[in-house]
Protein chains: 2
Amino acid sequence: MFENSQESRTSLSEYGEFGLIDHLTKNLKINHESTIKGIGDDAAVLDFKDERAVVTTDLLIEGVHFDLSYMPLKHLGYKAVMVNLSDVYAMNATPKQITVSFAVSNRFPVEALEELYAGIQLAADLYKVDVVGGDTSSSTSGLIISVTALGSAKEEDVVYRSGAQPNDLLVVTGDLGAAYMGLQVLEREKEVFKVNPQSQPDLEPYTYLIERQLKPEARKDIPPLLKALDVKPTSMIDISDGLSSEIIHICKKSEKGVYLYEEKIPLDPAVISVCEEFKIDSTTIALSGGEDYELLFTIAQSDFEKIKGNPNFTVIGHMAEEKEGMHLITRANQKIPLIARGWNAMKEKED
Amino acid sequence: MFENSQESRTSLSEYGEFGLIDHLTKNLKINHESTIKGIGDDAAVLDFKDERAVVTTDLLIEGVHFDLSYMPLKHLGYKAVMVNLSDVYAMNATPKQITVSFAVSNRFPVEALEELYAGIQLAADLYKVDVVGGDTSSSTSGLIISVTALGSAKEEDVVYRSGAQPNDLLVVTGDLGAAYMGLQVLEREKEVFKVNPQSQPDLEPYTYLIERQLKPEARKDIPPLLKALDVKPTSMIDISDGLSSEIIHICKKSEKGVYLYEEKIPLDPAVISVCEEFKIDSTTIALSGGEDYELLFTIAQSDFEKIKGNPNFTVIGHMAEEKEGMHLITRANQKIPLIARGWNAMKEKED
């Protein structure tokens, strides 16, 4: 699905700025009736009718957010879209449009940008969003991608971070920590490759982890599933920085406390085994790894029966009064304070 | 108004990512009732009611779009907003919200980002837009700013590039070429400074040009003025890349030809005199300089009486059938083809 086919090299200077945009966007289709006018004017024109609009934006920088030595450009384009759509789903909204801006140095041939755009287009097709604008520029250093996503939702369906109530259940989708451990595996192979470029790594045991890192999927299934189950979360956020910092965001915005149970945190078996291999605590990874793009939300206890047994959901704790504080209950039944140790904090510690 | 006061230096690492956003955005006010939720959730939530939404985005890269050796950070923040608002006005719409993402290397102290944000906030206050989101990141090289602007307009008020008709008058606001010549003056002074750091340049004769380069203003007065005059343009675009390439955009999107009259192109006396000083043709600068952020539009001949004599508007030509082609009529009454020679093309030529 994701073959890289950079055989020919066409210099960016063969296209002007406008020619390049026209070339890259010529295959883009408009899916939504809410897109009145896409690329090709001073601004896109959208019609959200009587729904609320949501807007979110992310900036991805080479050398900070991605490493092109193991991140294929098509995957990068796909992931840049996912990161933003995940934020739209976290509002319980439906993404409709994206704008994609990027800056590249002249070392990139046109074919490389075509790969990047192929990933963006694949994401747009699978998630049914329209690419309605953007900007291209030269860069003095590496590749920079800025994506803005727009979506819409009925006023009564929008879910904020701030609505959690005491005793609400804390629920997470999917499993955690895999994307971070996928990154660790890729970083290790990069180091091996530096020493011995002839080495043939066997990455098969790490397929799931690497896919979670290189080709994450935003949880577009969750808002309609919750609707079908007649559950409206009282608060919701997506997990980009790590479970602990996202829980703390919900607690602070909702002015509530929390009890998180270590034994409940969902981990894939591949995460458990790779954590043993790397001699690193899997709970720490789930709490602080980040880039899972799962959804974390709270629901009233009375809604528990509606989600019980659904394989998409794991109840990992419950909310409390603010004065009770934020706690992790360990497997040994110890109560320790929950602290924010996101992606950035870990990176700083490692450096 | 724009003093730079970087006396103290606080390291970015003293704030985390979230702390930095909180610190920089703490003074931002929400002006619009269309902003239901600004910064502080996974996405901003907006209510455009029964109006069309417009969205536009621009990416500004250090070393490509700006040079911090003569661009104060406060001006840069202001200009980054203007560039986007100008696109919203070019749709005949009213800007309502912006998102601002930036990436910086650790060489920037917090005080520098405060200056940048002060410029963004000043622009937001003066143009009555809400800053509703963004992203901050570290950068491996220079400063990167990505702004997305959202606005709204009644469906019947939106003006595209594509509606120009044969014999429509071609009209431009303000005057052209000053921002580009301001840049030339600043570049010259930078070279002088490199040779002799003690030199005290007299920039007073160039005040207007430099201000047009460093602190451009988007034409927020024009859409309501046109409304008051009961004129709806048949097409409109903003002048960011230079008059000739913007005229060509209108011609191509409208599938029309054009006659542009050199003698009608509005030039400030300061542009004429600095062009003589630099021994460069002022018409070339107006056609190709860019960054004027004036509006270019077409109106039906029958609307001419409504704009006649208004100092904001200059009729510089008229549209024609597509088969007639795109022409510049020189002062010597020669007919020469109008070609796209935007900012980028000029830079390439100079390099």
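**Exercise 1.** In strand 11 of chain A, which residue is the bridge partner of Leu169(A)? Place strand 7 of chain A among its neighbours.

*Solution.* The structure is a predicted model, in which local features need pLDDT of at least 70 and side-chain atom pairs count only at pLDDT 80 or more, while totals for chains, interfaces and linings use all residues. Residues are numbered from 1 along each chain as its sequence is written, chains are lettered from A and ligands numbered from 1 in the order in which they are written, and side-chain values use heavy atoms, with hydrogens and water left out.

Step 1. Helices (H or I, at least four residues) and strands (E, at least two) are DSSP runs, numbered from the N terminus. Two strands pair if DSSP finds at least two bridges between them.

Step 2. The partner of Leu169(A) is His318(A). Strand 11 (residues 313–321) of chain A runs antiparallel to strand 7 of chain A, and five bridges join the two.

Step 3. Strand 7 of chain A also pairs with strand 10 (residues 295–299) of chain A, in the antiparallel sense and over four bridges. There, Val172(A) has Leu296(A) as its bridge partner.

Step 4. Buried means under 20% relative accessible area, exposed over 50%, and partly exposed in between (1.4 Å probe, protein chains only). Five of the five residues of strand 7 (residues 169–173) of chain A are buried, so the strand is largely enclosed by the rest of the structure. Leu169(A), Val171(A) and Thr173(A) point one way, and Leu170(A) and Val172(A) the other way.

**Exercise 2.** Determine whether the length of helix 3 of chain A agrees with its expected span.

*Solution.* Step 1. The expected span is 1.5 Å times one less than the number of residues. For the 17 residues of helix 3 (residues 110–126) of chain A this gives 24 Å, and the end C-alpha atoms are 24 Å apart, which agrees.

Step 2. Of these 17 residues, 13 are buried, so helix 3 of chain A is largely enclosed by the rest of the structure. Lys128(A), with a positive phi near 55°, follows the helix.

**Exercise 3.** Describe how domain 1 of chain A meets domain 2 of chain A.

*Solution.* Step 1. Chain A is divided into domain 1 (12–157) and domain 2 (169–350), with bounds from an automatic or database domain assignment.

Step 2. Contact means heavy atoms within 4.5 Å. In chain A, 21 residues of domain 1 are in contact with 22 residues of domain 2.
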